Amino acid sequence: MEPVIDARGLTHAYPDGTTALRDVDVTIRRGERVAVVGANGSGKSTLQLALGGLVAPSAGEVTYFGETTDAEAVRERLGVLLQDPDDYLFNTTVREDIEYGPAQLGLPRERAERRVAALADELGLTDLLERPPFRLSGGEKQRAAVASVLAFDPDVLLLDEPFGAVDAHYRARIRDLVTAHDGTVVLFTPSLDAVPEIAERVVVVDRDGTLAADAPARDVLTDRDLLSDVGLRPPTTVRLFAGLVDDDAIPLTVAAARDLLDDARSALDPQRRR
Ligand SMILES: Nc1ncnc2c1ncn2[C@@H]1O[C@H](COP(=O)(O)OP(=O)(O)OP(=O)(O)O)[C@@H](O)[C@H]1O
């Protein structure tokens, strides 16, 4: 598949001299679902800003859709969810915030309204649409911010911590919306539990802002030494099953873990053996 974002030699130092990224090469291809993981302060958000064209890196270059290095030219194809929901919610009502993207794209009013209504329903925002965004709880704000990015159906989603403040119910809803997204998804997160259900490939940012790995999700998520070196904890299922089963049989999701335990129980219980 062709690259939708291709970054070469990205290095970024903030004005105070903090170097957040060092010589990062990463290619995101059409339709891929990639997680970028790393400890707090490793440089994930800086990488998201650089890939999303919201920060000009000190060195290196990002090419979009094999066509251009000008992020502004492809702005409406990139859905960038920043870490802080307050960065999105600036209109008078939640409805206006979610409608903003489709309106900018010139989507016919009726289609935009249908899309906003469907997302509001999915994310439990229907009764909150006429409220000023600053009168929302933390989780509600996060859900509204996610809705405002999904509303314009961008080709590429770059999502920094979309699950941060939300409860388990809406975490699952957001995960389902993201996995159903018919495009490319890059998820930036310091927590690996949500990764297996979303990403097939994982990019690991080390604490010094270099890349420590870029490999299939299973290889990274079961590599306890690598994760420990970069200051990350393996997903819960990996911590539970590591050493009990072969690495390539470790379940990465709760559903896979349940299946494995159920099979083990059937094997142990003569009544249930077929
Ligand atoms: N505006 C800024 N000015 C100076 N340093 C910054 C700025 N923003 C981030 N940094 C520093 O750059 C490094 C990388 O930060 P970044 O926010 O990219 O990390 P992160 O991996 O997203 O962290 P977290 O998991 O905590 O969100 C950190 O050392 C951070 O303190």
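This report covers the open sheet of a predicted model, the helices packed on it, and the residue R131.

**The sheet**

Six strands, written 6 in the count, make an open sheet with mixed pairing. Their order is β5-β6-β7-β3-β8-β9. At the edges stand β5 (78–81) and β9 (211–216). Each has a single partner strand, so one side of each lacks a neighbour in the sheet. From one strand to the next, the twist averages 10°. Strands of a sheet pair through backbone hydrogen bonds, either parallel or antiparallel. Strands β3 (residues 33–38) and β8 (residues 201–205) run parallel, joined by 5 bridges. V36 has V203 in β8 as its bridge partner.

**Helices on the sheet**

Helix α1 (residues 44–51) packs on the sheet. It touches β3, β6 (156–160), β7 (184–189) and β8. α4 also packs on the sheet, touching β5 and β6. The table gives the angle of each helix direction with that of one strand.

| Helix | Strands touched | Angle between directions |
|---|---|---|
| α1 | β3, β6, β7, β8 | about 155° with β6 |
| α4 | β5, β6 | about 170° with β5 |

**R131**

R131 sits in the loop between α3 (109–122) and α4 (138–150). Is R131 buried, exposed or partly exposed? R131 counts as partly exposed because its C-beta neighbours inside 10 Å number 16. Leaving aside residues up to four places away in sequence, R131 touches T93, V94 and L136. V62 is 69 residues from R131 along the chain, and 38 Å separates their C-alpha atoms.

Conventions. Residues are numbered from 1 along each chain as its sequence is written. This is a predicted model: local features need pLDDT of at least 70, side-chain atom pairs count only at pLDDT 80 or more; totals for chains, interfaces and linings use all residues. Helices (H or I, at least four residues) and strands (E, at least two) are DSSP runs, numbered from the N terminus. A residue is buried if 20 or more other C-beta atoms lie within 10 Å of its own, exposed if 12 or fewer, and partly exposed in between; C-beta atoms are placed from the backbone. Two residues are in contact if their C-beta atoms, placed from the backbone, lie within 7 Å. Two strands pair if DSSP finds at least two bridges between them. Axes are lines fitted to C-alpha atoms, for helices over the stretch in contact, and angles run from 0 to 180 degrees between N-to-C directions.
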